[in-house]
Amino acid sequence: MDKVTMTNIGEKVVCLVAYHIFFMLFVWSYWKTIFTLPMNPSKEFHLSYSDKESLEREPRGESQQEVLRRAAKDLPIYTRTMSGAIRYCDRCHLVKPDRCHHCSVCDKCILKMDHHCPWVNNCVGFSNYKFFLLFLAYSLLYCLFIAATDLQYFIKFWTNGLPDTQAKFHIMFLFFAAAMFSVSLSSLFGYHCWLVSKNKSTLEVFRAPIFRHRTDKNGFSLGFSKNLRQVFGDEKKYWLLPVFSSLGDGCSFPTCLVNQDPEQASTPGGLNSTSKNESHLFPAKPLRDSQSHLLTDTPSWSETSAKAEKGKVGMSNPALTMENET
């Protein structure tokens, strides 16, 4: 009986090695996406017992916001609600960190939540977003490899060049399935690559983050290179492996505020803050060490030096950080 198979031994070896590499990386990244637990806000964002009592006693409105402002005064948060209020989750009883959202499926607040994915039965957020991207990439490569190696036999199927066996229908089904998955995965993977390049999440595309000064859809974007490093890390040897290498703790993120906060005074040293293409304005509260080093590629104003300039420039809130755009 005629068989549908490769005849060249070298071609067989190359296809077998490539297939198993793609398959193992696909399964590995899929496993990590599914079984990596979403990260939740740290304890410092949870209200203390006294703050909870104060919040419950106060009527809704400005009095409650005063309690939340007091609880959040030392936290590295810069985003607000549409009304300008502190972002608070009344189910988890915590002040939401920047880019954190409550998942109605998991019933938890998820750090840098992108979306809840039914295909992996898990929330995609800070802890597993890199794994999700690699899962999309390797599943796309896996499907493209199958479609490419099956293509020559698929063509023979339509030109009656195959032996009359049941394998004919297996080849046709395999090619159509791989090709259709490739099309859908390529669009989804391309979309998330664009999100990474702009340092956005899916939720932030539909609702831009609101800072104290105004809504800024590019508020977290630091430039393509730094945006990429924020997800994949500084060490390139780990970029293609499903191991955690993202920068930061998920609770605080470098922000690039191109317009000055109206609540704050002029920039230190008389620097011009109106040029959107030449400078970035950063909020007053400190970033975590693992995130702030993204901002040290060019000379910047530190909080200490800004305080030293307070008497010279008459600022009401001098703890501002300036960085030249790269």
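The exercises below work through helices, cores and empty space in a predicted model.

Residues are numbered from 1 along each chain as its sequence is written, and side-chain values use heavy atoms, without hydrogens or water. Local features need pLDDT of at least 70 and side-chain atom pairs count only at pLDDT 80 or more, while totals for chains, interfaces and linings use all residues.

**Exercise 1. Compare the annotation with the model.**

Task: find which residues the UniProt "transmembrane region" annotation covers, and describe the chain there.

Step 1. The unreviewed UniProt entry gives residues 12–31, 129–148 and 169–191. Its positions are in the numbering used here, and annotations may be inferred rather than shown by experiment.

Step 2. Residues 12–31 are 100% helix and 0% strand, with end C-alpha atoms 28 Å apart. Residues 129–148 are also 100% helix and 0% strand. Their end C-alpha atoms lie 29 Å apart. Helices (H or I, at least four residues) and strands (E, at least two) are DSSP runs, numbered from the N terminus.

**Exercise 2. Place the buried residues of α3.**

Task: list the buried residues of helix α3 and say how they are arranged around its axis.

Step 1. In α3 (residues 62–72), Q64, Q65, V67, L68 and A72 are buried. Buried means under 20% relative accessible area, with a 1.4 Å probe and protein chains only.

Step 2. Viewed down the axis, these residues fall within an arc of 155 degrees, so they line one face of α3. The arc is taken from the directions from the helix axis to the C-beta atoms.

Step 3. Their cover includes α2 (49–57), β2 (88–89) and β3 (94–95). Contact means heavy atoms within 4.5 Å.

**Exercise 3. Analyse the nonpolar cores.**

Task: identify the largest nonpolar core and the elements that build it.

Step 1. A core joins buried Ala, Val, Leu, Ile, Met, Phe, Trp, Tyr and Cys residues through side-chain atoms within 4.5 Å.

Step 2. The largest has 22 residues; A72, L75, I77, I86, V95 and C109 have the most contacts inside it.

Step 3. α3 and β3 each give two or more residues. α3 gives the most, with three.

Step 4. A second, separate core of 20 residues includes L25, F135, C143 and V196.

**Exercise 4. Examine the largest pocket.**

Task: state the space in the largest pocket and what lines it.

Step 1. The pocket holds about 490 Å³ of space.

Step 2. It is lined by 19 residues; F135, S139, C143, F181 and L185 lie nearest its centre. A pocket is an open set of points on a 1 Å grid over the protein atoms alone, with protein on both sides within 12 Å along at least five of seven lines; lining residues have an atom within 4 Å of a point.

Step 3. β6 (115–117), α4 (129–158) and α5 (167–198) each supply at least two lining residues.

Terms used. Buried means under 20% relative accessible area, exposed over 50%, partly exposed in between (1.4 Å probe, protein chains only). On a 1 Å grid over the protein atoms alone, a cavity is a set of points where a 1.4 Å probe fits but cannot get out, and a pocket is an open set with protein on both sides within 12 Å along at least five of seven lines; lining residues have an atom within 4 Å of a point. Grid points are joined across faces, edges and corners, and a volume is the space filled by probe spheres set on the points.
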